[in-house]
Amino acid sequence: MRNFAIFAVVGTCLAMPVSVSAHEAGDLIVRVGVAHVEPSSETSDPIVVAAPPLPDSRVSSLSSDTQPGVTFTYMVADHIGIEAILALPFTVNAELEGGVPLATGSPEIGSSKYLPEIVSVQYFPLKPESKFQPYVGVGLNYTLFFDGEASDALNASAAGPSTVNVDDSIGIALQVGADIEVADGWLLNASAWYVDADTDVTVSTTNIGDIPINNVKINPFIFAVTVGKKF
């Protein structure tokens, strides 16, 4: 439902008529609001524990999160902008399926904080004076993972007290969005990104050594609703 609501906002924007304003070369657009990250994948390579892969054992679920966020767009030309997105750290919890005995019956293996840092080139197809400005973008994402923690269920299992380390990730990001000017220089914005973000995880346990969890496909969608100001 959250995903549908964001796309509905963008779709409504796309249907609105054009009025007079400006998105032109030299403008700096700052947008502040909330960003929601929804991992789109629920899989990894099979988990290996000192021998063959465990049958059907893999990451089966990754949690979503919502945090305050801000974007900065500088219009390098009337139809071209460069954008950077910043947010407070998101948290993702990973659950497993198959073959891995965890204590308390919980499927959760651990969690990590992360920051998807995205720089995009945006294209605004309408005239600079249009009050409604849809756009598309493509860019590069670098996702920084930190503060990995093993779950209580893993720490209490036969593996013993454990730590979790998640590798940083780099990939392509695709974007669609729209600005509507509601007052002089003030905007409402809805936008969405698809981020290519695969990573490898190492779970270091006390009793059975390191457990690699490779090729965790996070590949999140990021949805944002913001209020913006042009300078």
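Reader: What makes up the secondary structure of the chain?
Author: Two helices and 13 strands. Keep in mind that this is a predicted model.

Reader: How much of the chain is buried?
Author: Of its 231 residues, 45% are buried.

Reader: And how do the contacts spread along the sequence, for residues at least 6 apart?
Author: Of those contacts, 72% link residues at least 24 apart.

Reader: Let's pick a residue. Where is His36, and why is His36 called buried?
Author: His36 sits in strand S1, which covers residues 28-39. Buried means under 20% relative accessible area, and His36 has 9%, so His36 counts as buried.

Reader: What makes the His36 and Glu38 pair a polar contact?
Author: Their side chains come together at 2.7 Å. The cut-off for such a pair of N or O atoms is within 3.5 Å, so the pair qualifies.

Reader: Now the outside. What is the accessible surface of the chain?
Author: About 10,700 Å², with 63% of that belonging to carbon and sulfur atoms.

Reader: Which residues make the nonpolar surface patch?
Author: Leu28, Phe72, Tyr74, Val76, Ile82, Leu86, Val119, Val121 and Phe231, for about 800 Å². Strands S3 (65-75), S4 (80-87) and S6 (108-123) each provide at least two of the patch residues.

Reader: Why is Ile82 called partly exposed, and how do you know that Ile82 can be in the patch?
Author: Ile82, in strand S4, has a relative accessible area of 33%. That value lies between the 20% and 50% cut-offs, so Ile82 is partly exposed. A patch residue needs over 30%, so Ile82 passes that cut-off too.

Key
Residues are numbered from 1 along each chain as its sequence is written. This is a predicted model: local features need pLDDT of at least 70, side-chain atom pairs count only at pLDDT 80 or more; totals for chains, interfaces and linings use all residues. Side-chain values use heavy atoms; hydrogens and water are left out. Helices (H or I, at least four residues) and strands (E, at least two) are DSSP runs, numbered from the N terminus. Buried means under 20% relative accessible area, exposed over 50%, partly exposed in between (1.4 Å probe, protein chains only). Contact means heavy atoms within 4.5 Å. Accessible areas come from the Shrake-Rupley method with a 1.4 Å probe; for residues, only the protein chains shown count as cover. A polar contact is a pair of N or O atoms within 3.5 Å; within protein, one must be able to donate a hydrogen and the other to accept it, and residues adjacent in sequence count only if both atoms are side-chain atoms. Patches are made of residues with over 30% relative accessible area and no salt bridge: like charges are joined within 9 Å, nonpolar side chains (Val, Leu, Ile, Met, Phe, Trp, Tyr) within 5 Å. A salt bridge is a side-chain nitrogen of Lys or Arg within 4 Å of a carboxyl oxygen of Asp or Glu.
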